Amino acid sequence: MKVKQLLLAILCLVVIAACVVWTWRTHFAAPKFNVALHVGLGQVMAEETTRAIHDTGKVVIVTLDPGAFPELKVQMQQFKKVLAAHPGTSFKEYQLDTEERPNFHYGAGLSSRRYVRMVNKNLAAAAFVSFVGAPDLTDKAVPELKASPKLIAACPPPPPPPPPL
């Protein structure tokens, strides 16, 4: 009878430990964002890029520090994985320095001035892929462009409208 009690106690402890591990993994160690959504975004960005450049050419990727934005890290991993399956493409990555300014964040922060400089330094690029949003090209900036590569940009949805008064 004591052996059954001992086995039952051990079984209960194992179940309790498994519950603790499951709770910790799903509530505390799990990412705070929808991983499948960001994997899908990275994949679609890569597929649209390869379609736009007909599977050949140099791609310039504009991004931020993925360590500061874990969802960006997931997107970039999937983007590079899909792009690697297209041997006619190559890529160069630019990580923007945010300079600790709040206007630089995931999905926003690519200025027209910086975009023009990057395009003019990479005249052979077939496409620019921005994970930092689309630049707001002004009438003054457009004539400064020495090339017109394809631009594929991940942009966040617009903020919701303010509540009615």
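**View 1. The whole protein chain and its surface.** About 10,900 Å² of the protein chain is exposed, with 64% of that area supplied by carbon and sulfur atoms (Shrake-Rupley method, 1.4 Å probe). This is a predicted model, in which local features need pLDDT of at least 70 and side-chain atom pairs count only at pLDDT 80 or more, while totals for chains, interfaces and linings use all residues. Residues are numbered from 1 along each chain as its sequence is written, and side-chain values use heavy atoms, leaving out hydrogens and water. You will find four helices and four strands, arranged along the sequence as α-α-β-α-β-α-β-β (DSSP runs, H or I of at least four residues for helices and E of at least two for strands, numbered from the N terminus).

**View 2. A salt bridge within helix H2 joins Arg 51 and Glu 48.** Their closest N and O atoms are 2.5 Å apart (a salt bridge is a side-chain nitrogen of Lys or Arg within 4 Å of a carboxyl oxygen of Asp or Glu). The partners sit three residues apart in helix H2 (residues 35–52), about one turn of the helix. Arg 51 is exposed at 51% relative accessible area, whereas Glu 48 is partly exposed at 37% (buried is under 20%, exposed over 50%, partly exposed in between; 1.4 Å probe, protein chains only).

**View 3. Lys 80 and Glu 93 meet in a salt bridge.** Here the N to O distance is 2.7 Å. The pair links distant parts of the chain, 13 residues apart: Lys 80 belongs to helix H3 (residues 70–84) and Glu 93 to strand S2 (residues 89–95). Lys 80 is partly exposed, at 28% relative accessible area, and Glu 93 is partly exposed at 29%.
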